[in-house]
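This report covers the overall make-up, nonpolar cores, internal cavities and disulfide bonding of one protein chain. The sequence and structure are shown first.

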Amino acid sequence: MALLALFVSVARAEDWAPGETINNAAYADLTPDGLNAIAELIPALLPSGIDIPSTSDEGGYWCFNYAYGLDGAWVSIEVVNATITPGNGVLDVTANLMVSLNDPSDPFQLSYELACLDDTCNGYVDAFPVTVTTTLALEVVDDGSGGRALDATVGEINVSYDLTSEDIHLEDCTVGDIEEVLNWFGLSLYDLVLGQLDGYLQDAIADIGPTLEETIEDAFSSASISQELELNGAVVTISLQPQDVEITDAGVRVEMAGAVDGTPASCISAWDPGSSPKTPSEPPALGSSPSSIEDDYHVGLLLSDDFTNEALYALWRGGLLCYTVDESLFPIDTSIMGNLTGGVFADLFPEAAPVTIETAPRVPLTAAFDGEHDIDANIEDLGLEFYAELDGRQARIVTVDLDGTAGVDLDFDDTTGLLNILVDLDPTALTPTVSYNEFYPDSNAAIEAGFSGTFGDLIGTVVGGFLDDLSFAMPAFNGIGLIALETSPAGDAEDWLGAYAWVEIGRAHV
């Protein structure tokens, strides 16, 4: 017995203790297609035009003096394209622009004084290509409240352009002579014009940095969870927080650590094994997808069976499957029980008497991802104990144990933006077995056959209807919302649940 106890304790040490943190509970992936979907925000973040305030400068002495003033200048910006590309540990951000300064119908005024002479030019600059580059670094940091969060930081912004003097048009002045004299002072009229443009472009580009940071952070924060959930009196706390981040050519992957815990219910204390199963495995590669999923998805969430089993265990341990069905909840009498049990006990109850059903959830729920549903919750040895008054006392008449599966499917509504959790408790997926029948033990087969046919009418009452309205609003960030969500088992052993999403600008649901 001592050796057996030692063996059991060692075996349980290999499982997950209640609420134990699972470091690789889930992974959140952002693919190159997803990054470029976010990059489509950049045109909306940049201003289409910039007004340049009047400016002036002067220098020199006597008739070797110079002075100039620039008035009425404005910049037009058109974004040709923008990309966010995963690189070596950082994201490379590039925006290609076409920029012009004023136009022939509304030129700027460049006034100058040189060698005791003065004049005023009207000018504009033809549209010319501008390339903006920067980097976006990602790291996991403390969020200041005891949790972890993804932090994005925009690096140095570089602006380069291909512009020649032929693109600058100055009219109504002797520009050639002025340029020669300014060159003698180490200046250039064209540099004076471009100098104004360069600074304002830098400022305009720099303004998009915080929004890009926030958008990337929000894209991953939607996968983070820290909340309390109550189902049928079972109260559990769910935590899913980023632990590490990886950037490769295949995209961005954030490793999530998770834990689910709750208060144990007295109704299961006799059967609690004290742990959930530990079956670690390598996650699918970043950028990969099951054959049933198109490989152009934007965001992927991979949920391990270890984390799912810990969640199911916490719910089971909290009393999720503990029910008492009596007259206060739904009136059941021995006539209904007669239908459930094939009429075997009819002679015990010549007149209808109230019946109470007590559940005995002896084995924790576990999950499988390779069945008919997104998640198949494995039900094992779930006892339904039927009690009725017999000879002036409450007696247990029969116990029927159920084995099988309950299906859970994730249904995304692209109109409302709600993720609906659909629970399928199909009676045909549950096999009844009589485990207690003191009165008519030879009729177990008849009871099992009769039970299968009628149980479907009762199952909605037994579960209490608490699974009818499980839905969650899917998050949106900076106007980007989900347009499609597909699920599939993933990994070599199909022991990961993959949820693959496509996003679009302007599809944020209200």
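Which residues have the most contacts inside the largest nonpolar core?

## Nonpolar cores

The model is predicted. Its largest nonpolar core has 126 residues, and L97 and I216 have the most contacts inside that core. Leaving aside residues up to four places away in sequence, I216 touches L30, L35, I38, L91, L136, L138, L150 and A152. Another core, of eight residues, lies apart from the largest one; I293, A490, W496 and Y500 are among its members.

## Overall make-up

Nine helices and 25 strands are found in the protein. Of its 510 residues, 44% are buried. Among contacts with a separation of 6 or more, 71% are between residues 24 or more positions apart.

## Cavities

How many cavities of 30 Å³ or more does a search of the whole structure find? The search finds four. In the largest cavity there is about 70 Å³ of space.

The lining of the largest cavity consists of 13 residues; V93, V132, T134, I205 and I208 lie nearest its centre. Strand 6 (91–101), strand 8 (117–142) and helix 6 (209–221) each contribute at least two residues to this lining. Strand 8 gives the largest share, three residues. Sorted by class, ten of the lining residues are nonpolar and three are polar, while no charged residues occur in the lining.

## Disulfide

A search of the whole structure finds one disulfide. The disulfide is formed by C267 and C322, whose sulfur atoms are 1.9 Å apart. Because the torsion about the S-S bond of C267 and C322 is about 90°, the disulfide is right-handed.

Which parts does the pair tie together? C267 lies in the loop between strand 14 (251–262) and strand 15 (299–304), and C322 lies in the loop between helix 7 (305–317) and strand 16 (324–325), so the disulfide links parts that are 55 residues apart in sequence.

Are the two cysteines buried or exposed, given that buried means under 20% relative accessible area? C322 has 19% relative accessibility and therefore counts as buried. C267, at 31%, counts as partly exposed.

Note on methods
Residues numbered from 1 in each chain as written. Predicted model: local features only at pLDDT ≥ 70, side-chain atom pairs only at ≥ 80, totals over all residues. Heavy atoms only, no water. Core = buried A, V, L, I, M, F, W, Y, C linked by side-chain atoms within 4.5 Å. Buried < 20%, exposed > 50% of the residue type's maximum accessible area, 1.4 Å probe, protein only. Contact = heavy atoms within 4.5 Å. 1 Å grid on protein atoms, 1.4 Å probe; cavity = no way out; pocket = protein on both sides within 12 Å on 5 of 7 lines; lining within 4 Å. Points joined across faces, edges and corners; volume = space filled by probe spheres on them. Helix = DSSP H or I, 4+ residues; strand = E, 2+ residues; numbered from the N terminus. Nonpolar A, V, L, I, M, F, W, Y, C, P; charged D, E, K, R; others polar. Disulfide = S-S within 2.5 Å.
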